[in-house]
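Subject: Two-chain model, handover and findings

Dear colleague,

Here is the structure I said I would pass on. Please look it over before reading the notes beneath it.

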Amino acid sequence: MQDLTQISGNPMTESISTPVKPPIWNNPQVRAIAFQIIALVATVAFGLYIFQNTQTNLRQLGITSGFDFLSSQSGFGIVQSLIPHSESSSYGRVFWVALLNTLLVSVLGVIFATLLGFIIGIARLSKNWLISRLALAYIETFRNIPLLLQIFFWYFAVLRAMPAPRQSFSLGEAAFLNIRGLYLPAPQFQPGFGWVLVALGIAVVLVILLSRWAHQRQMATGQQFPTFQTVLALLLGLPLLIFWLTGSPLSWQYPALQGFNFRGGWVIIPEMASLLLALSLYTAAFIAEIVRAGIQAVSHGQTEASFSLGINSSKTLRLIILPQALRVIIPPLTNQYLNLTKNSSLAAAIGYPDLVSTFAGTVLNQTGQAIECIAITMAVYLTISLLISLLMNLYNRRVALVER
Amino acid sequence: MIPIKTLTTAATVLLLTTTGMVQAGVTLDGIKKNGFIKCGVSDGLPGFSYADEKGNYNGIDVDVCRAVAAAVFGDATKVKFTPLTAKERLTALQSGEIDVLSRNTTWTSSRDSAQGMNFTGITYYDGQGFLVNKKLGVKNAKGLDGATVCVQAGTTTELNLSDYFRANKMKYTPISYDKSDESAKSLEAGRCDVLTSDQSQLYAQRIKLAKPDDYIVLPDVISKEPLGPVVRHGDDDWFDIVKWTLFVMVNAEELGITSKNVEEMKKSTNPDVKRLLGVEGDKGKDFGLANDWMAVVIKQVGNYGEIFERNVGKGSSLKIERGLNALWNQGGLQYAPPMR
C-alpha cells in the first residue's frame with residue numbers, strides 16, 4: 001500500500017513532509033477490486049433477473065417448465081439408434097440415442113478427415129507436379145463450397161441416384177446397395193467368442209510390452225527390431241488362432257429382401273453416409289492446408305541434415321519432419337475437430353437423427369419445452385467441445401518442444 | 001482486472017436485453033401499434049398456404065389471417081405472413097414472433113395445456129392417411145408392414161404413425177424431415193415407400209409431384225386431426241377476436257351471406273343477419289372493433305364455404321369434397337355459436 005501511494009505525487013515534496021494518505025477511493029487497488037465486485041454483482045443480478053423474467057413469462061403464458069418431461073414417454077420412432085430404443089422409450093432415452101448418433105458421425109468424421117487431410121496435405125507438397133496439382137484442386141474445391149451445399153449434393157444428387165431395393169447392387173449376395181442404404185451382413189457372436197476377445201486383449205498387452213522393450217533396446221544398442229511386422233502378426237495371429245481353436249464361434253446374418261425392404265444385417269442409412277462424406281471431405285481440405293503449413297514451418301535445413309545422414313525420404317518425413325510439424329499442426333487441428341463436431345448439427349437438413357434434429361427439434365416440438373431442450377443441447381455441445389480441447393491439449397503437451 | 005469500458009458495454013447490453021422482453025397479454029395493443037398482423041403459415045402447402053409466382057399467399061389458412069386483419073383494421077391486406085416449418089411453428093408463437101399461427105396445426109390437449117397455446121376453433125376437420133406409389137400394389141394401410149415411412153418431424157402425425165403401427169403389431173422405419181417438400185421428394189426418389197400426413201396435405205402434396213397419377217391416397221384414416229388457428233395463452237381479447245372471426249364466417253355461410261351479396265343482405269329483415277352485419281346492435285363494441293367488422297370480413301374475404309371451395313374445393317385443383325367440413329345442417333361438423 002505504502003509504495004503504491006508514493007508512485008503518484010512529487011517525490012521532492014514527499015521527502016520533506018509526511019505523505020498525506022489519499023482518500024480510499026483514489027487507491028488504485030481498492031478501486032480495481034471494487035469495480036470487479038460491482039461487475040460480479042451486476043452479472044449475477046442480471047442472470048437472476050433473466051431467470052426470474054423467464055419464469056414469470058412462462059407462467060403467464062401457461063407453459064410448463066422443468067425437466068420432468070425427460071422421463072415421460074416419447075411415442076415416436078427414430079431411424080437409427082445405437083442403443084435399444086422403441087416408441088415407448090422416454091424422452092431421456094431419445095436424448096441418449098440422439099447424442100450417440102451425433103458422437104458416431106463426429107468420431108468417424110474426425111478419423112476420416114484426419115487420414116484424408118494428412119494424405120492430401122503431404123500430396124500437396126509432392127514433387128510430382130500432377131499429384132500436387134490434384135491435391136490443390138481438391139483443397140480449393142472442397143473448402144470453398146459451403147458445407148450445407150455439399151451435404152445436399154451427396155444426399156439429393158449422388159445417393160438419390162441409387163436403385164430401388166428390388167434392383168439393388170449386390171456384392172456377392174451378402175452386401176446390397178440401394179437408395180435405402182448400404183446393407184451389410186451383421187456378425188452374430190456365438191458362445192466362445194469371448195475367448196477371441198480375451199486373446200485380442202492379451203495380444204494388445206504383449207504389443208505394448210514388446211514395443212517398449214524394442215524402444216529401450218534401440219536406445220541402448222542402436223539395433224532395430226521389426227516392430228511393425230511383429231505387432232501385426234500378434235494382433236491378427238493370436239485372435240485368429242483362438243478363433244480357429246474354439247471352432248469359429250461367429251456366424252453372419254445376411255440381409256434379405258422381404259416385403260418392401262431388406263431386413264436383417266447392418267444398414268448404413270444414406271442420411272448418415274452423405275453427412276459423413278460431406279463432413280469428412282470438407283474438413284479434410286482444411287486439415288490438408290494445416291498439414292502443409294505445419295510441414296513448411298519446419299526448416300528445410302532439417303531435411304538436408306537428415307538426407308546428409310543417409311536417411312531416406314520416407315523416413316525423413318516420418319521421423320524428422322512430421323514430429324516437428326505436429327507442434328504447429330495440433331492447435332489448429334483441434335479447431336477443425338471442434339468445427340466438424342459442431343457442423344454435424346447440419347444433419348437436421350437431411351433428416352439424420354442427430355442431437356439438434358431429434359432432441360432440439362422433434363422433442364422440443366412434441367413437449368413444447370424450448371428453453372430446457374435448447375439449454376441441454378447447448379450444454380452438451382459445450383461439453384463435447386471442451387472435452388476435445390482438453391484431449392488435444394494433453395496430446396499437444398506431449399509433442400510440444402521440451403524447452404530446457 | 002475489468003476495464004471501465006467493458007463495464008459500460010455490459011450495462012448497455014443489460015439495458016437492451018431487458019427492455020426487449022416478451023410480456024404476455026399485450027398482443028392486441030402491439031398489433032394495433034404495428035398496423036399489421038404477424039401470421040405464421042405453412043412453408044408451402046397448396047390449398048392451405050402457398051405463395052404463387054408473384055409471391056402472393058393463397059389458401060384457407062392464409063384467408064383466416066386475412067379475415068382477422070379485416071376484422072381488426074378493416075383491411076384484409078394488413079397481414080405479414082411468415083412461412084414456418086412444422087418444427088418451428090409452436091416456438092415462433094410462444095416467443096411472440098407471430099401473433100397468430102394459422103398453419104394446419106392439430107388441436108391437442110398438450111398443446112392447449114402444457115405448451116401454453118389456445119386453439120381458437122377448427123378451420124378444417126382432417127385425418128391422417130397414407131400416400132403411396134401405385135407400383136407398390138398396396139390396397140390399404142394394413143399392407144404396409146415393414147415399410148419405410150416419410151413423415152414431418154415434430155408433428156402429431158409422427159406420433160399417430162407410431163401408435164398405428166404398434167397397435168397393429170407392424171414394423172416400420174421412420175424418416176423424419178423438417179420440410180414437407182423434402183418428404184415428397186424422398187417419396188418420389190423411392191427413399192421411402194409411404195408418405196404419411198393429414199389427408200388434405202396428401203392431396204396437396206400429390207399435385208406437386210412430377211407424376212401425380214402414379215400415386216394414390218390409401219382409404220384408411222388413422223386419426224382425428226382438427227386443424228385450426230392458434231394464439232398464445234393469456235391474451236383473452238385477442239383470443240376472442242380470432243375465435244369469432246372464424247365463427248362469423250361459418251355463421252355467414254349458414255345465413256347465406258356471401259362476399260357478393262353482403263351489401264344487399266344489409267337490407268334483410270332477418271334479425272340474425274342484421275346483427276351479423278352490424279346493422280342492428282353493437283357487436284363491434286363488445287370486441288373493441290368497428291361495428292361493421294363482421295360485414296367487412298365477409299365482404300373482403302368471404303364466408304366459410306366460399307373460402308373452402310376457392311382454396312381446396314371445387315374452385316381449386318385439389319377438388320376436395322366438403323365431407324366433414326360441410327355445415328352442421330348439411331351433414332357436416334362445421335357449427336358456430338350464435339351471434340347474440
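The notes below take the chains in turn, then the contact between them.

Please keep in mind throughout that this is a predicted model.

Chain A overall

Chain A contains 13 helices and 8 strands. Its C-alpha trace extends about 100 × 75 × 45 Å along the principal axes. For 404 residues, a compact globule would have a radius of gyration near 22 Å, but chain A comes out at 30 Å. Of the 404 residues in chain A, 28% are buried. Among contacts in chain A with a separation of 6 or more, 67% are between residues 24 or more positions apart.

Annotations on chain A

UniProt, in an unreviewed entry, places "domain: ABC transmembrane type-1" at residues 99-392 of chain A. In the model, that stretch of chain A is 70% helix and 10% strand, and its end C-alpha atoms are 21 Å apart.

The unreviewed UniProt entry also carries the annotation "transmembrane region" for several spans of chain A, including 32-51, 95-123 and 374-395. I checked two of these spans against the model. Residues 32-51 of chain A are 100% helix and 0% strand, with the end C-alpha atoms 29 Å apart. Residues 95-123 of chain A are likewise 100% helix and 0% strand, and here the end C-alpha atoms lie 41 Å apart.

The sheet in chain A

Chain A has an open sheet of 4 strands in the order 1-2-3-8, paired antiparallel. Strand 1 (169-171) and strand 8 (266-268) of chain A each have a single partner strand, so they form the edges and one side of each has no neighbour in the sheet. On average, and ignoring direction, neighbouring strands of this sheet are turned by 15 degrees against each other.

The partner of strand 8 of chain A is strand 3 (residues 181-184), which runs antiparallel to it and is joined to it by 3 bridges. One residue pair to look at is Leu182(A), whose bridge partner in strand 8 of chain A is Ile268(A).

Ala186(A) belongs to strand 4 (residues 186-189) of chain A. Is Ala186(A) buried or exposed? Neither term fits: 14 other C-beta atoms lie within 10 Å of Ala186(A), so it counts as partly exposed, burial requiring 20 or more. Apart from its neighbours within four places in sequence, Ala186(A) is in contact with Gln253(A), Gly265(A) and Trp266(A). Gly109(A), 77 residues from Ala186(A) along the chain, has its C-alpha atom 22 Å from that of Ala186(A).

Helix 12 of chain A

Helix 12 (residues 355-367) of chain A has 13 residues, and its end C-alpha atoms are only 16 Å apart, where a straight helix at 1.5 Å a residue would reach 18 Å. This helix of chain A is mostly covered, with 13 of its 13 residues buried. Gly368(A), just after helix 12 of chain A, has a positive phi of about 75 degrees.

Chain B

The secondary structure of chain B consists of 14 helices and 13 strands. The C-alpha trace of chain B spans about 80 × 60 × 40 Å along its principal axes. Its radius of gyration is 22 Å, in agreement with the value near 20 Å for a compact globule of 340 residues. Buried residues account for 50% of the 340 residues in chain B. Of the contacts in chain B with a separation of 6 or more, 71% come from residues 24 or more positions apart.

Strand 11 (residues 194-198) of chain B is largely enclosed by the rest of the structure, because 5 of its 5 residues are buried. Strand 8 (residues 128-133) of chain B runs antiparallel to strand 11 of chain B, with 5 bridges between them. In this pairing Gln128(B) has Asp198(B) as its bridge partner. Strand 9 (residues 147-152) of chain B runs parallel to strand 11 of chain B and is joined to it by 2 bridges. There, Val149(B) stands opposite Val194(B).

Contact between the chains

How many residues of chain A are in contact with chain B? The count is 36 residues of chain A, against 40 residues of chain B. Helix 3 (28-61), strand 7 (261-263) and helix 12 of chain A each supply at least two residues of the side of chain A that touches chain B. The largest share of that side, 11 residues, comes from helix 3 of chain A.

Regards

Definitions and conventions
Residues are numbered from 1 along each chain as its sequence is written. Chains are lettered from A and ligands numbered from 1 in the order in which they are written. This is a predicted model: local features need pLDDT of at least 70, side-chain atom pairs count only at pLDDT 80 or more; totals for chains, interfaces and linings use all residues. Two strands pair if DSSP finds at least two bridges between them. Axes are lines fitted to C-alpha atoms, for helices over the stretch in contact, and angles run from 0 to 180 degrees between N-to-C directions. The expected span of a helix is 1.5 Å times one less than its number of residues. A residue is buried if 20 or more other C-beta atoms lie within 10 Å of its own, exposed if 12 or fewer, and partly exposed in between; C-beta atoms are placed from the backbone. The radius of gyration is taken over C-alpha atoms; the globule rule is 2.2 Å times the number of residues to the power 0.38. Two residues are in contact if their C-beta atoms, placed from the backbone, lie within 7 Å. UniProt positions are given in the numbering used here, feature names are shortened, and annotations may be inferred rather than shown by experiment.
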